Structures are given as C-alpha cells and as structure tokens.
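Here are a few exercises to work through with the model open beside you. Try each task before reading its solution.

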Amino acid sequence: MEEGGNPGSLTKMVHLLVLSGAWGMQMWVTFISGFLLFRSLPRHTFGLVQSKLFPFYFHISMGCAFINLCILASQHAWTQLTFWEAIQLCLMLLSLSMATVNARWLEPRTTAAMWALHRVEKERGLGGEVPGSHQGPDPYRQLREKDPKYSVLRQTFFRYHGLSSICNLGCLLSNGLCLASLALGLGSL
C-alpha cells in the first residue's frame, strides 16, 4: 500500500480486472451461452457440456470473489469504514458465500440429479433431441406422469438447479453493484 492507507496502482488494477472479469464471465454464462447452448444442442449433450463447464465457472467465481474480498478488506481500517465501504465488503462476502455454496455443494448435487434423470430418459429413448423439436405430445410429460421415480428425480434436479440459479444471480448482482460503486467513485474518465 502507498502512504495514507491508499492501495497502490497495481492493487487497484488487480481489483478492477478481477471484479470486471468475474462480472463479465457471469453475464456471459448466465444470459448468453446457456440459452444458446440450450436452444442448439440435444438435451443430453447440453447437460454434458454444462456438467463440464459449471464446476470451473463456479470455482473461478469463488476465486475471484475471494481475491476481491481480500483486496477490499486489506484496504481499510475496520473502525473507519464508511457506510458504502461496509456495503461493498458485505456484497463481496455475500458473493464469496454464494459462489462457494454453488461450487462446493449445489453443483455436484445438481449434476448428480441430472445424470440420474439422463439414465431414466435413455432407457426410454429420450434425450437426443434438441428442445422444442418434438411433434405431438410431450414425451417428458408422459414419462413424469407414468414414472413416479422420474418425477421425484426431476423435482430434486429442479430444486438444486433453482437454488444454484438464485446463488448465481446473487453473485452477479453483488459484483454488478460493486462495479457500479467503483464507477461512481471515479473522479474522471
């Protein structure tokens, strides 16, 4: 740190690059790549891609949140935090917590539930079609109605997937608010 408690230029650059990189990655994975892949790939291929992509994505999000929290926490004396600095620290802690829950707990359970669904679907000859491509009655709805085990597996998958999505959106929002705070603190461009 430079004198007066100001972080050095390198620290500021690392903080900005890690925070903006994490936010950009989260925006891309959440709002662009997932929808494109879902609409373009067969159902089970999409699941395979996501099962390989998400562990890295969540661990990278967790690492970025940890780095940013460490940088922010080391920049300020705890007794002299302003309201906005305390909010930023809380947002970074929230981001780290949600990314950790996603990486270490929700993602493995979501993926395990997805593989169980895929096994049942493959037994019925399903999973090779691109979503929205089938004609007539929905074979997945029919499978849910006929097979209670499949219906329970599907509920388990969507419960974990929903919690994971909420955590992911929480990380994205936390990082976005921290970026907005940094942007509002800029003196000039």
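**Exercise 1. Find the salt bridges and say how many there are.**

Solution. Start with the rule: a salt bridge is a side-chain nitrogen of Lys or Arg within 4 Å of a carboxyl oxygen of Asp or Glu. Applied here, that rule gives three salt bridges. Before going on, note that this is a predicted model, in which local features need pLDDT of at least 70, side-chain atom pairs count only at pLDDT 80 or more, and totals for chains, interfaces and linings use all residues. Residues are numbered from 1 along each chain as its sequence is written, and side-chain values use heavy atoms, with hydrogens and water left out.

Step 1: look at Glu121 and Arg43, whose closest N and O atoms are 3.7 Å apart. This pair links distant parts of the chain, with Glu121 in helix 3 (residues 83-123) and Arg43 in helix 2 (residues 43-75), 78 residues apart. Helices here are DSSP runs (H or I, at least four residues), and strands are too (E, at least two), numbered from the N terminus.

Step 2: turn to Arg124, which meets Glu123 at 3.5 Å, N to O. Arg124 also bridges to Asp147, with 3.1 Å between the closest N and O atoms. That second pair again links distant parts of the chain: Arg124 is in the loop between helix 3 and helix 4 (139-146), and Asp147 in the loop between helix 4 and helix 5, 23 residues apart.

Step 3: put these together, and Glu123, Arg124 and Asp147 form a network of salt bridges.

**Exercise 2. Sort the salt-bridge residues: which are buried, which partly exposed and which exposed?**

Solution. Buried means under 20% relative accessible area, exposed over 50%, and partly exposed in between (1.4 Å probe, protein chains only). Glu121, at 1%, is buried, while its partner Arg43 is partly exposed at 31%. In the network, Asp147 is buried at 13%, Arg124 is partly exposed at 43%, and Glu123 is exposed at 63%.

**Exercise 3. Describe the surroundings of Phe157: is this residue buried or exposed?**

Solution. Phe157 is found in helix 5 (residues 148-184). Its relative accessibility is 14%, so Phe157 counts as buried. Leaving aside neighbours within four places in sequence, Phe157 is in contact (heavy atoms within 4.5 Å) with Thr110, Ala113, Met114 and Leu117.

**Exercise 4. Which residues make the nonpolar surface patch?**

Solution. Patches use residues with over 30% relative accessible area and no salt bridge; like charges are joined within 9 Å, and nonpolar side chains (Val, Leu, Ile, Met, Phe, Trp, Tyr) within 5 Å. Trp28, Phe31, Ile32, Phe35, Leu36 and Leu169 make a patch of about 610 Å², with areas from the Shrake-Rupley method with a 1.4 Å probe, where for residues only the protein chains shown count as cover. Helix 1 (residues 9-40) gives the most, with five residues. Trp28, in helix 1, is partly exposed at 47%.

**Exercise 5. What is the overall fold pattern of the chain?**

Solution. Count first: five helices and zero strands, in the pattern α-α-α-α-α. Then take the extent: the C-alpha trace spans about 70 × 30 × 25 Å along its principal axes. Finally, buried residues make up 36% of the 189 residues.
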